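I opened the model to look up a few histidines. My notes follow.

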Amino acid sequence: MKASFGAVVILSAAMILLQLSNVAKAETELEININDTNSSLLEGDIKLLPGQEVLLEHSRDAISDKRILGVANLVVNHSYYLWPQGRVPYIIDSSLAGDSNAVNRINEAIWEYGNKSCIRIIPRTNEADYVIFKKLDGCWSYIGRIHGPQEISIGQNCAHKGIIIHELFHALGRWHEQSRPDRDQYVNIHTENIRAGTESNFEKVDVSFIITLQGIPYDYRSIMHYSSYAFTKNGQRTITSKDPNVPSSDLGQRNGLTDSDVRHVNTQYKCSGTGGSWGPWGSWSTCTRTCNTGTQTRTRTCNGGDDCEGDSTETRNCSTQSCPVVATWSDWNAWSGCSATCGGGRQSRTRTCQNGNSCSGSNIEYRDCNTQSCPGPVTWGEWGSWGTCSSTCRGGIRSRTRRCLNGDSCQGVNVQYGACNTDTPCEPDPNSGAWGEWTSCSASCGTGQRTRSRNCGHSDTSKCQTETEDCNRQDCPNPLRGLKSLGCYSVPAVTTELKLLENLTPDLSDSAITREKAVEKCGMGALQYHYKAFSVTLGFCISGSNRTEAYTQFEGYFCRDGKGGNFDQFLFMDVYEIEQPQAYSDALQEVLYSSTIVRPSSTVSTHTATYNVEATNKPPESFPSSSFIAVPSIVSLCVALLAVLAIVFF
């Protein structure tokens, strides 16, 4: 039993260690972007050129001989490996072009450098040296500029902004922070937890291979620092902080550049402040032409500085389609010869409509010529054409002229007047004439409308001006005051209490009569004979009882919102109770003197000006029996009819 318990404990502990190991490995792969299986990479994500490998080996030999001279910045010392003026051209390989997440993270990393440092990572045009973001095996980069195209691998699980910033920093010439020769003052390296074969990833780089910068402290939170679980073999930490104020969990963050990271890169490239980066292009301006090729421009803003690479304005051609052909006049031709050598003649000239025949204006022009007098008798020339009439209707005046030839002593007048448009009648002015009488108001209450027209003299009076105004704006009487709706009820199959008030039936059955009118009429009959309750259905008025229990309440398809259906649903009725007889009497009295309703049949008394509340609830003994008919006969007939229809159709 004890052995079994011990086995369980050992198994549980092993599972816990395995889970911790998996957690550490997941954290390592996400934050440190190391490549455990690629032995050709230095420190998990650095690819070196052969010459760099030799220099690095000498550097580490110097460390083993304890020839360290000072604090290091972990950047390539040789200007040969630096990017000129901190400009890094780049392209995105087709292997990543379809991965929108990777492209977005690359852009975020590029923006981080442009926003915080003087480094410019710019789209390549024709530069010989540039980086290629490419989907290869793992996450890695060369160290510094290698002259020519160089790859930055954004492999599986590498499309994170912090990882891409980290790999770009290698391409700028930066080593890992924990590779500084002075790192043992700040962190502990736990070799007992390091996976076999990866111990060299924790070696230090000598100052002969890096730039020495006094005054830049060790940065536990640098984006270039290993995670505390880097290359762990057992889920235990491989690097821990010596500073009690810095928890080991802070090592290896991949959120962005720290202030120390920015200081490193700005000092490395001998610049200060932040480099500008272009914002997005604005919208294109309106094209300068609508056809035959114009131009339009757009601009962008340099953010985070004032020395962005490239132009802030871009121009392109637009509206390149040919313009439609427009008809235009040619130049005037020369004047023709004069029609007379003296005494006044005429000459003309012409022009041609080009690109069509829709030119506006005349194609010929005239002028007088040789107006000097001719030898011979003084006489009048021909009359000219009549001018425009002074009126378009009911007669006007027009004129024409002639000229005295061979002198100025002609007898008579040179202007002639004549009547015109005498047979053309004028259309009357629709806005003239006196206003006629107003029409009757369309409603006697509740706001109606009335119209009137001008007597403009037109044979068609509809063409004369009209105007409309509101009338009888006062509220209409409320015939339901003092009345309470009890809801939807079914017609009893057999009853001796309920009867039809037959003298009202013809009015109530009229399709033009609304539910409101039916209630008014039925209520007047019930009120006259002092019945407290009544109902309306199929245009019938059913009363004859003061007991609401005489009606059977119904809930169903034909009872909508607690009321009976339309009158065609004749097996169901709306039942009303006269709660306040005097108030209801007064309301009906108001309605009777309003023109908005049709008065009931003369056989039913409409005198309800005064109601005796103390009157008996029974009808007067002299009440004529012919005024009512029993309900059962009508109802039974309807029920039978419905039964036949149900058998036929269902």
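Is H458 buried or exposed? I am working from a predicted model. I looked up the relative accessible area of H458 and got 15%. The cut-off for buried is under 20%, so H458 counts as buried.

Next I placed H458 in the fold. I found H458 in the loop between β23 (448–453) and β24 (466–471).

Then I checked what surrounds H458. Leaving aside neighbours within four places in sequence, I have H458 in contact with E427, P428, K463 and C464. For one of these, E427, I also looked up the separation from H458: 31 residues in sequence, and 7.6 Å in space from C-alpha to C-alpha.

I turned to the annotation. The unreviewed UniProt entry puts the feature "binding site" at H166, H170 and H176. I looked up H166 and H170 in turn.

H166 sits in helix α5, which covers residues 161–172. I noted a relative accessible area of 0% for H166, so I entered H166 as buried. I also found a polar contact of 3.0 Å between the side chains of H166 and D45.

H170 is in helix α5 as well. What is the relative accessibility of H170? I read 0%, and H170 is therefore buried. Not counting residues up to four places away in sequence, I have H170 touching D45, I46, S141, Y142, I143, G144, W175, H176 and M224.

I marked two of those entries. D45 is on the contact list of H170 and is joined to H166 by the side-chain polar contact. H176, which H170 touches, is itself one of the positions in the UniProt "binding site" feature.

Methods. Residues numbered from 1 in each chain as written. Predicted model: local features only at pLDDT ≥ 70, side-chain atom pairs only at ≥ 80, totals over all residues. Heavy atoms only, no water. Helix = DSSP H or I, 4+ residues; strand = E, 2+ residues; numbered from the N terminus. Buried < 20%, exposed > 50% of the residue type's maximum accessible area, 1.4 Å probe, protein only. Contact = heavy atoms within 4.5 Å. UniProt positions renumbered as here; feature names shortened; annotations may be inferred. Polar contact = N/O pair within 3.5 Å; in protein donor to acceptor, adjacent residues only side chain to side chain.
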